[in-house]
Each structure stands twice: as structure tokens, then as C-alpha cells.
Amino acid sequence: MRMTQTSDLWWKNAVIYCLDIETFFDADGDGVGDIAGLTERIDYLAQLGVTCLWLMPFYPTPDRDDGYDVTDYYGVDPRLGTHGDVVELIRTAKDRGMRVIADLLINHTSNEHPWFQAARTSTDNPYRDYYVWRSDPPPDTSDQVVFPDKEDSIWELDERTGEWYLHHFYAHQPDLNIANPKVRDEIWKTIGFWLQLGLDGFRVDAVPYFLSDVGLDPDEQEVDDPHTYLRQMRAFLGRRHGDAILLGEVNLPHEEQLKYFGDNGGDQLHMMFDFIAMQKAYLSLAREDAGPLVEALTQRPAIPHDCQWATFLRNHDELTLDKLTDDERAEVFAAFGPEERMQVYGRGLKRRVPTMLDGDPRRIRMAYSLLFSLPGTPTLYYGEELGMGEDLAAEGRMAVRTPMQWSDGENGGFSTAPPDRLVGKVVDGGYGPQHVNAAAQMRDPDSLWNFMRTLVLTYRACPELGWGELTVLDQPRAHVLAHQLSWEGSTVVALHNFSAEPVTVPLRLDVPPDSALVDLLRDGTTDIGPDGEVDVPLEGYGHRWLRVRRDGERRLV
């Protein structure tokens, strides 16, 4: 039963690793990372224990938004490689036991996409309805723009036809009209094409934005409910590739997120990022109080059996804090981004975890132990396993999209090109390659890389963490999160101390007599009293994972 479940629904306890091909490894020395370079480094990811590789956009692009402005959904940007390179990458990853997913960008295209170039030639062009237009001047929509320092409206006047087109993001990224069945057909073909080449699913970009456009045409009856479109997408995906997934970017309150999983056992997105738990985790870290994170976890709604939360501490975008109150956001800014240059749009941070935690190895390790112990599927952003920092001189989200640091050599071993030809600047200073690089850490048994590898492999050996039912354990220490995850008669207990002060945590567990707690991240066993009482000591910023071993149980740990 267990093996069947955990293999069929692989995303329930996967370890996802997100990377940008152009900043990962440059195989041909032109200063830009490429698909061949990533393929060379697949064994590195396999050794870390990654089970699912998430690729940021690799499609043809004018590169005005780091590849998120696409000109050909079926293509491969020639700077990065060819279709043959993609197939070889996927084959190599699967040979190492890794699935591969990629960004699916269906909210908008580049304004250089052939569809939009044709659409703007006349109001009756066949491609006109591939996008959303209006002939009357739009109202003030400055409060709806995603990038307030770049745009002041979600409508842009096209001088050629005298009408306005919709763009929730940059003006050079016109929104697609999902209400148009021809557009939906194009998206089905795009999905089918990449599945045929071997992808195992997609991270779906900006889901609420493209669904908000559905139904703009009152004469369009086929998709009158935006969520009908997601159901159709999942059904198509299932027909073409039975265990492929849709991992959605849906930064909404939990109640609204639930709608995107769908009814009937989950018939829309398979997975969604838990932005709320992420943001409350930073508030807990700032306050050294587990309370905000406990609130986020206990308020998570129950989700369908076949669905899952994706947990994370960092991703490729700004570290958004938009679901916190103004006062809460100010607390996190004060703790982790007190300078204006560290902040983005007044709502997020452009920093990585180690710099926010002042390089304190205790706090960094506690934070990642917390991530992997939370109920859900952990998602890592490239370089997190090393403790890479950011380039605050870079604009916005690009601060955390710096070249991967492979060695202490020139360009951090990323490329043999002259530094001025690199796709991005390598981080310098205390978090630069001289101090933070893969080659050194893989040889050091006490390094962050080896600690992260231990977390990855232990997580994979604990299906309770991906499948189990969460219970936040009652205990008197406000700065400690103690929780357990139980599944099919097995239980893992995790404790995390958000404070620098050592503490002993008294717990009462509902377990049979003669049970014990077996440490999973280090050697050690703690007996549980006959009434279920046990005291668990924690160091300052300490963390422990403990499996309940019942008397006579014949498991390894």
C-alpha cells in the first residue's frame, strides 16, 4: 500500500530543485549557462538527492524579463541550446531518478511574439482576439500593477490601432485571451508538445492573473467559469501523461487557494506553493516566536488526497511579504532587510536566507530543518544548498539570480568567459566563491551542503512528512515549534527552537507504553514515560527530528 501510493503520487514527497539554466553552468565558455552545462551537472543534483528538477524558462525570448517574455512556446532559446539538448537533459535526469518540470507561461507573451505582431496590425486580424483589447480609455488601474516602479496601468495604448491591450505585468508582456478557444487550443498543443519530449509537468506561472481574464467575452460560453479551464487543463495533462503535475503559483489566502485545487478529489492543480506559511515563517524567525507559523499551519485547509502544498523559504522572485500586515512586514524588514536597497516595492525582500540570518550557521540550519520537516513537498532554489548570497546592486529579482558558485576559481567556476561577458555578476565579498562554493563544501563533512543532503535524504526516508496528518503539540515554550506528522501507524516528531536560548521542551505524546523517540538527524534514543511524557532538550536555534519507535517495532529507525 505505502509503496504504491508514494510512487503513483510522487509529488507528495518529492524534493524539488529550481534553477535558471543561463546561470547554472556554462559548458561552451560564452558567458551564458546552457542546457549542455546543466546536463554535465545532473550528477551533482542526484548526489544532493533531488528528485524533481524545475526549469525556469528556456524558450526563445528578447530577454527583457529574464525569459518570462516568450516569443515561441515550442522553441529553445539558441543561447541555451537546441531541442536535442533538452531531450538529452531530460533523458539524463530520468536516468538518475529525477523527474523534470518546466515553467508554463500562459498568462502573457512577449510583444515580439508573432501572434501579437499580427494582432496589432488591424482590429480585424485573425490573431486580434488572442489578446484582450478595449477601444474606450481605461480607468485608473495603478493599484493593480505588479511592478509599480515600472508601470502605472494594466492597459497600454497601441498607437497602430488606437486601442488598449491588457497586461498585468510589464507593458511588453500583453496578456493572452484565455476565453478564446483558439488560444486554449494553442496551450493544449504546447503542453502536449513538451510532454511528448519527456517533461513530467509544469510550474504554472501567475495562475490567478490569467484566470481573471476568462469570461471577459460575454458571448464565450464554453469556459464561463474560470476554474473550468483549470479542470480542462488537468484532464488533458492526465490523458497525455498520467502522472504529470501542475504546480501552481497562487499567492492568495488559503480559502481562495482551496478553489484552485478543485472539488471531486482534486481536479485542478496538483500542487500549490504555500506563500502564507513562508511569510509567517519569516515573521516567526524575526520575532523568535513560533506563534505566527503555528497559526499559518493550523489554518491550512484540508486538501484533496491527490494534492499537495509545496513549501519553500526562497524562490526565484522577490521574497514577497504581501500577506502580512503593514506592522508585521515592518518587523520582518527591520530584522532581515533594514536598508531600502534590500527591499522591493515596499512589499518584499531581494535577499537570500544566509544573509538575512547574518550568516549564523545555527539559524540557517534550523531554518532549513524547519522547511524539510513541515508537511508538504520542499522546494529548493539553486545555491540554497551552499548558502549563497545575493547581489544587492542588481535590480529587483535579479539580485538572487546570480551565477552558481561551483569552485573558488575565476567566475566561481561558472564559466571560462571573461567576467564582463557573463550573463550576470558573480556574488563577491563574504558570500562569494572564495568562501561559498560547491567543490569545497562537498569535501567537507561539516558543510552546509552535507547538512542539506542529510535533510534531503532523511526527508525522502520519512513518508510521514509528505503524507502525514499534522498535529501541533501543546507545550509551554512560545519560541519552540513542536509538531508531529502521523501516517499509517508511524509518527515523526519535530522540534525547532526559534530562540538563541537553550531550552528543554516537555511533551506529552499519545503513544503505547515502552515507546521511545529515535533521533533521525543524529545518533540517540530517548525513552518515553509510561504516561507519554518526555523532556526534549534543544540547543539555542536547535532542531531535532524524532521518530516514535513502539515496543517490538522492526523498522530500521
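The exercises below concern a predicted model and are each followed by a worked solution. Local features need pLDDT of at least 70 and side-chain atom pairs pLDDT 80 or more, while totals for chains, interfaces and linings use all residues. Residues are numbered from 1 along each chain as its sequence is written, and side-chain values use heavy atoms, leaving out hydrogens and water.

**Exercise 1. Lay out the open sheet of six strands.**

Solution. Step one is the definition: strands are DSSP runs of E with at least two residues, and helices are runs of H or I with at least four, both numbered from the N terminus. Two strands pair if DSSP finds at least two bridges between them. Step two is the order, which reads β15-β16-β17-β22-β19-β20, with antiparallel pairing. The edges are β15 (469–472) and β20 (525–527), each pairing on one side only. On average, neighbouring strands are turned by 25° against each other, direction ignored; the axes are lines fitted to C-alpha atoms, for helices over the stretch in contact, with angles from 0 to 180 degrees between N-to-C directions.

Step three looks at one pair. Strand β19 (residues 516–519) and strand β22 (residues 543–549) run antiparallel and are joined by four bridges. Val518 has Arg547 of β22 as its bridge partner.

**Exercise 2. State how many disulfides the structure holds, and describe Cys307 and Cys462.**

Solution. A disulfide requires two cysteine sulfur atoms within 2.5 Å. The structure holds zero disulfides. For Cys307, the nearest cysteine sulfur belongs to Cys52 and is 16 Å away. Cys307 has 0% relative accessibility and so counts as buried, a term for under 20% relative accessible area, with exposed over 50% and partly exposed in between (1.4 Å probe, protein chains only). For Cys462, the nearest cysteine sulfur is again that of Cys52, 20 Å away. Cys462 is buried because its relative accessibility is 1%.

**Exercise 3. Place Thr39 and list its contacts.**

Solution. Thr39 sits in helix α2 (residues 35–40). Its relative accessible area is 19%, so Thr39 is buried. Apart from neighbours within four places in sequence, Thr39 contacts Glu88, Leu89 and Thr92, where contact means heavy atoms within 4.5 Å.

**Exercise 4. Compare the span of helix α8 with the expected span.**

Solution. The expected span is 1.5 Å times one less than the number of residues. Helix α8 (residues 226–240) has 15 residues, for which 21 Å is expected. From first C-alpha to last, α8 reaches 22 Å, close to that value. Buried residues of α8 include His227, Tyr229, Met233 and Leu237.
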